Amino acid sequence: MGEHEHVHLDTEGSGDYTPGYYEILERSLAELLVEKGRIGAHEVRREIEVLDSRNPALGARLVARAWSDANFKKRLLANGRQACEELGITSYEDTELIVLENTETVHNLVVCTLCSCYPRAVLGLPPDWYKLKPYRARAVKDPRALLKEFGTIIPDDIAIHVSDATAQVRYLVLPRRPAGTDNFTEEELASLVTRDSMIGVVQLGSVPSTPGVAP
Amino acid sequence: MSGDNRDAADWLPNDLGGIATAPFERVEHPMLPWEKRCHALADVLDSHKIISTEEKRRSVEALGEATINKLSYYERWAVGFANLLFAKRIITPEELALKMSEVKARFSITET
């Protein structure tokens with residue numbers, strides 16, 4: 001088979017690019033799987049497009065809708081996956097989405113102690129710190145001290161609930177609606193919601209008097 | 001509870017809940033193109049029921065703590081995939097070695 005007939009899964013812009021050992025391993029596995037007909041030639045590329053289409057703006061839409069529509073919030077808390085579908089957000093195979101509501105008395109924090117399970121359907125891929133040992137180990141042991149390192153001070157009279165995700169069960173935090181947002185449209189509300197607030201490592205601050213402007 | 005008092009033999013390297021670790025740092029880096037491909041490959045393997053998320057996690061655990069600590073996140077995945085594909089007899093080590101030489105040659109990497 002000539003060089004031009006190979007299935008190249010990606011092209012690097014620069015001719016002098018030199019991949020490392022593990023990248024060569026990754027390329028080799030993917031090419032062998034394609035050659036053996038186990039996966040399609042363009043599936044990895046298509047999946048990269050899917051990965052690129054998932055980002056925290058989707059989670060922010062869910063949160064903003066829940067803040068604006070009490071019935072939607074009920075449905076979201078009852079079955080996250082179904083509520084996502086209402087907004088046209090699809091889930092991954094076999095993954096359940098549990099949405100955890102922050103209240104006056106409970107603050108939720110999400111972790112995956114075993115690896116890096118994350119609500120990818122609505123947040124995209126997790127940040128590095130979420131996948132690294134210190135976060136995973138400490139979130140379940142001393143969440144209050146860990147949250148302080150994010151600048152998040154949770155008073156002692158507020159309980160911290162830590163939820164440990166698995167391959168099948170993913171969690172998303174529904175943050176509390178910031179004060180001063182009564183007249184906000186759903187779109188304006190969504191612009192306030194950050195990725196980290198939906199992991200539970202930060203709280204959303206109240207909004208100053210200019211409507212629609214995030215602090 | 002001290003984080004150091006558990007019997008290492010009873011724990012898998014991925015089971016980190018509650019252990020003592022290095023200080024927390026809020027690190028993030030944009031994904032490299034090959035890392036994103038590696039992630040996409042995992043999803044494709046899962047959708048074809050070739051390698052599930054749980055199998056992938058166990059394959060990383062099986063690398064042992066020393067190797068896990070030496071490799072980056074997606075490096076572990078790539079090695080885990082290779083081991084699983086060998087075990088499932090989908091790819092042989094010989095085929096992989098040949099293919100890796102071919103890919104290296106394409107990038108003009110000299111064999112060492």
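Reader: What share of the contacts in chain A with a separation of 6 or more comes from residues 24 or more positions apart?

Author: Residues 24 or more positions apart account for 68% of these contacts in chain A, and two residues are called in contact if their C-beta atoms, placed from the backbone, lie within 7 Å. In chain B, residues 24 or more positions apart make up 45% of the contacts with a separation of 6 or more. This is a predicted model, in which local features need a pLDDT of at least 70 and side-chain atom pairs count only at pLDDT 80 or more, while totals for chains, interfaces and linings use all residues. Residues are numbered from 1 along each chain as its sequence is written, and chains are lettered from A and ligands numbered from 1 in the order in which they are written.

Reader: What does the pLDDT say about chain A?

Author: The pLDDT, which is the predictor's confidence in each residue on a scale from 0 to 100, averages 90 over chain A, and 89% of the residues score at least 70. Over residues 1-9 of chain A, however, the pLDDT is below 50, and in the model this stretch has nine contacts beyond near neighbours in sequence.

Reader: How many helices and strands does each chain have, and what makes a run of residues count as one?

Author: A helix is a DSSP run of H or I with at least four residues and a strand is a run of E with at least two, both numbered from the N terminus. On that basis chain A has eleven helices and four strands, whereas chain B has five helices and zero strands, and the elements of chain B run α-α-α-α-α from the N terminus on.

Reader: How do you know that the length of helix H5 of chain B agrees with what a helix should span?

Author: The expected span is 1.5 Å times one less than the number of residues. The 14 residues of H5(B), residues 93-106, should therefore span 20 Å, and the end C-alpha atoms are 20 Å apart, which agrees.

Reader: Which residues of H5(B) are called buried, and why are they said to share one side?

Author: A residue is buried if 20 or more other C-beta atoms lie within 10 Å of its own, exposed if 12 or fewer do, and partly exposed in between, with the C-beta atoms placed from the backbone. In H5(B), Lys99(B), Met100(B) and Val103(B) are buried. They cover an arc of only 105 degrees around the axis, and therefore they are on the same side of H5(B); the arc is that of the directions from the helix axis to the C-beta atoms. An α-helix has 3.6 residues a turn, so residues three or four places apart point the same way. The buried residues of H5(B) pack against helix H1 (21-35) of chain A, while the face turned away from the buried side carries the exposed residues Glu94(B), Ala97(B) and Ala105(B).

Reader: Why is Arg26(B) called partly exposed, and why is Lys49(B) placed in another class?

Author: Arg26(B), in the segment before helix H1 (33-47) of chain B, has 15 C-beta neighbours inside 10 Å and therefore counts as partly exposed. Lys49(B) has 8 such neighbours and therefore counts as exposed; Lys49(B) is in the loop between H1 and helix H2 (53-61) of chain B. Phi of Lys49(B) is near 55 degrees, a positive value in a residue other than glycine.

Reader: What makes Arg89(B) exposed, and what makes Asp142(A) partly exposed?

Author: Arg89(B), in the loop between helix H4 (73-87) and H5 of chain B, has 7 C-beta neighbours inside 10 Å, so Arg89(B) counts as exposed. Asp142(A), in the loop between H8 and H9 of chain A, has 13 other C-beta atoms within 10 Å and is therefore partly exposed.

Reader: How many residues of each chain are in contact with the other chain, and which helix of chain A gives the most?

Author: In the model, 43 residues of chain A are in contact with 48 residues of chain B. H1(A) gives the most to the side of chain A that touches chain B, with eleven residues. By class, this side has 24 nonpolar, three polar and 16 charged residues, where Ala, Val, Leu, Ile, Met, Phe, Trp, Tyr, Cys and Pro count as nonpolar, Asp, Glu, Lys and Arg as charged, and the others, Gly among them, as polar.
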